[in-house]
Structure formats: structure tokens, C-alpha cells
Amino acid sequence: MAMRGAVRQRLVGLATIRAVSTSSVNSTLPKQVKIVEVGPRDGLQNEKNIVPTAVKIRMIDMLSEAGLPVIEATSFVAPKWVPQLADHAEVLKGIQKFPGVTYPVLTPNLKGYQAAVAAGAKEVSVFGAASELFTRKNINCSIEESLQRFGQVLKEARAASIPVRGYVSCVLGCPYEGKISPAKVAEVSKKMYSMGCYEISLGDTIGVGTPGVMKDMLSAVMHEVPVSALAVHCHDTYGQALANTLMALQMGVSVVDSSVAGLGGCPYAQGASGNLATEDLVYMLTGLGIHTGVNLQKLLEAGTFICQALNRKTNSKVAQATCKL
């Protein structure tokens, strides 16, 4: 066991060594990337077996210990829609609040927002989509109606000085509509940014995008929203998440959503196999000499913990590689 630990440490260190030879690449890349860990919410939301509240709290505490700057803790959605996250208030109240770490929660409407604030939320997220059909099936209203709902949340949040992050789903493709035009993504992103969302996370919800499509979509969105206010949220269904993320970094994006152990998917998006694994993202960024502030060893431990609790294998290639040694 000690031998395996030593080899794992060496492998983790390899990424740092490789960073030395990347100076020529770095001219187009950000020096620092903020990672938004979505595992406790997006990762767990469609697990079939209810995960005990104590496990969720320990998972989040371990992610905090790993140095992640933003950890999306849960979702204040009606339990009948996402029963896995029915314990949202207990989770938010039960986690350790580390200095310098923010713990946003997803709020689908004003009722969810008010419940989140009552439970101690200091930041919230709202979500919409660039696909009319997906919006209808996901939150049971049109894109325009969804924006009106956000308006109520943003108004109250502004009055309470609570930052609001906006998610746009299906930016590179939709399970119901197929291709999504970059202009539509830009239009929805612009509206959400104009309404007061400080950051717009662009999600490839079903993981169908490729780097070229990512480039076209971001080019359109960057005409409407400053790149400093953009994040990407890539799913790895077709194995494109890291490649798509690298393209976004080369275009100036410096905020990336990911999920420990590659957990997650979307209960309303068939074929959404999982998010980009945080371990794989950190390994790549470290190898590129990009600062994240995340301790990869502690992150791997958090991934091992939640995978054991769920009785499932990790989706992280880095974790799989270190386990085999």
C-alpha cells in the first residue's frame, strides 16, 4: 500500500515536471484558472440511490480541503423533481465554510431562492438553455418564461447583495433539437448577463461538441458577453471534454466547471454520461503551468471517498491510472 502511495505521488508530480516545457504554448493560455466544482450537485443529482446527508457533507469538506475555490453544494429544487437533493438545507448548514471558498447553490425559481437564502446561501445559480425544447422538458416553460423567472430571483438577489451565476445548457447540441446555432447561445447568454448574472457558464449538456464547434460558439458569445464573465461546463459523453476545455482556454476563458471523479450527467438529457473529471482537468492544467490552487493528491482522496460511498468506479482517467499502479 505504501508502495502504491509513493508511485501515485510520483505520477501526480509528473504533471508539474511537464509544466517546464510548455512556455511556448502558454502565450495564449490564462495564467490562472478558477475551477468550479459541481460534483456535489450536478454529480449526485441523478444517482438512483439516495446518498446519506453525512456523506454529502464529508464529500464537500474534502473538496474544500483540496483547495477548490468554488464548490456548488446542492440545489434548492422541489424534492419531487430531484429527490436526491431533498436534504439541501441540511447539507448547506452542515458543511464547513472554508475561508476564501464559495458554496453556491442552484435555485430554479423564487421559492427555491428564498429557501436557499434562509438556509444560509451566500451565492446562487439560475439555469436556462439555448434550446426551446430542452427548456420545456427541463423546467416546464419556454426560454422567455424561464428568463422572467430569473428576473424575480435576480431582483431579490441584487437587493440582498447575493451574486447570481447563470447556466446556459445545450450550447453545443440538444438531445431534442440537435444542432444549436451559436447565435441562439449568444442571444440567451447576453440576456442573462444583462439581467445581472455576473458569470455565464456555457454547458455542453450532452457532450456532443467538438473543439471546432466550441470555437464557433464562443466566438459568437464573446461578441455579446466579456470573456472574463464566461465559463465552460463540458460533459465527456463522446470523450471531448478536455479537448473542448482546452479550446476555450486558448480563446481566453479562465473559469471551468468540472466534477470530482467525473460524476454526473443530466436527468433530462439522455446520454449525458458525465462531467469533465476535476482530477483530469487539474492534471492537464498543472502540466500546462496554469495555477489552480488545487492539491491533486487531496482531490484524488475526495474522489476515492465518494466513489466508495456510491459503490462505483471513478470516471477520472487520472484516478484510474493511479489506482492501477
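Colleague: What makes you say that the charged end of Arg-41 sits over the ring of Tyr-167?

Modeller: The distance to the ring centre is 5.6 Å. A charge sits over a ring if NZ of Lys or CZ of Arg is within 6 Å of the ring centre and within 35 degrees of the ring normal, so 5.6 Å meets the distance limit. Before we go on: this is a predicted model, where local features need pLDDT of at least 70 and side-chain atom pairs count only at pLDDT 80 or more, while totals for chains, interfaces and linings use all residues. Residues are numbered from 1 along each chain as its sequence is written, and side-chain values use heavy atoms, with hydrogens and water left out.

Colleague: Which residue lies over the face of Tyr-176?

Modeller: That is Lys-137, at 5.1 Å from the ring centre. Tyr-176 also belongs to the one aromatic pair in the structure.

Colleague: Why is the pair of Phe-134 and Tyr-176 called stacked, edge-to-face or tilted?

Modeller: Rings of Phe, Tyr and Trp (its six-membered ring) pair if their centres lie within 6.5 Å; planes under 30 degrees apart count as stacked, over 60 as edge-to-face and the rest as tilted. Here the centres are 6.3 Å apart and the planes stand at 35°, so the pair is tilted. Phe-134 lies in helix α6 (residues 132-139) and Tyr-176 in the loop between β6 (164-169) and α8 (182-194), so the pair ties together parts that are 42 residues apart in sequence. Helices (H or I, at least four residues) and strands (E, at least two) are DSSP runs, numbered from the N terminus.

Colleague: How do you know whether Phe-134 is buried or exposed?

Modeller: Buried means under 20% relative accessible area, exposed over 50%, and partly exposed in between (1.4 Å probe, protein chains only). Phe-134 has 1%, so it is buried, whereas Tyr-176, at 33%, is partly exposed. Across the protein chain, 55% of the 325 residues count as buried.

Colleague: What makes Glu-47 and Arg-312 a salt bridge?

Modeller: The N to O distance is 2.8 Å. A salt bridge is a side-chain nitrogen of Lys or Arg within 4 Å of a carboxyl oxygen of Asp or Glu, so this pair qualifies. The pair links distant parts of the chain, 265 residues apart: Glu-47 is in the loop between α2 (39-43) and α3 (53-65), and Arg-312 in the loop between α12 (296-310) and α13 (317-324). Glu-47 is buried at 16%, while Arg-312 is partly exposed at 36%. By this rule the count comes to 13 salt bridges.

Colleague: Why do the side chains of Glu-145 and Arg-136 count as a salt bridge?

Modeller: Their N to O distance is 3.9 Å, so that pair also falls within 4 Å. Glu-145 is partly exposed at 37%, and Arg-136 is partly exposed at 41%.

Colleague: Why is Leu-276 called buried or exposed?

Modeller: Its relative accessibility is 3%, so Leu-276 counts as buried. Leu-276 lies in the loop between β9 (255-258) and α11 (278-287). Leaving aside neighbours within four places in sequence, its contacts (heavy atoms within 4.5 Å) include Cys-234, Val-256 and Leu-281.
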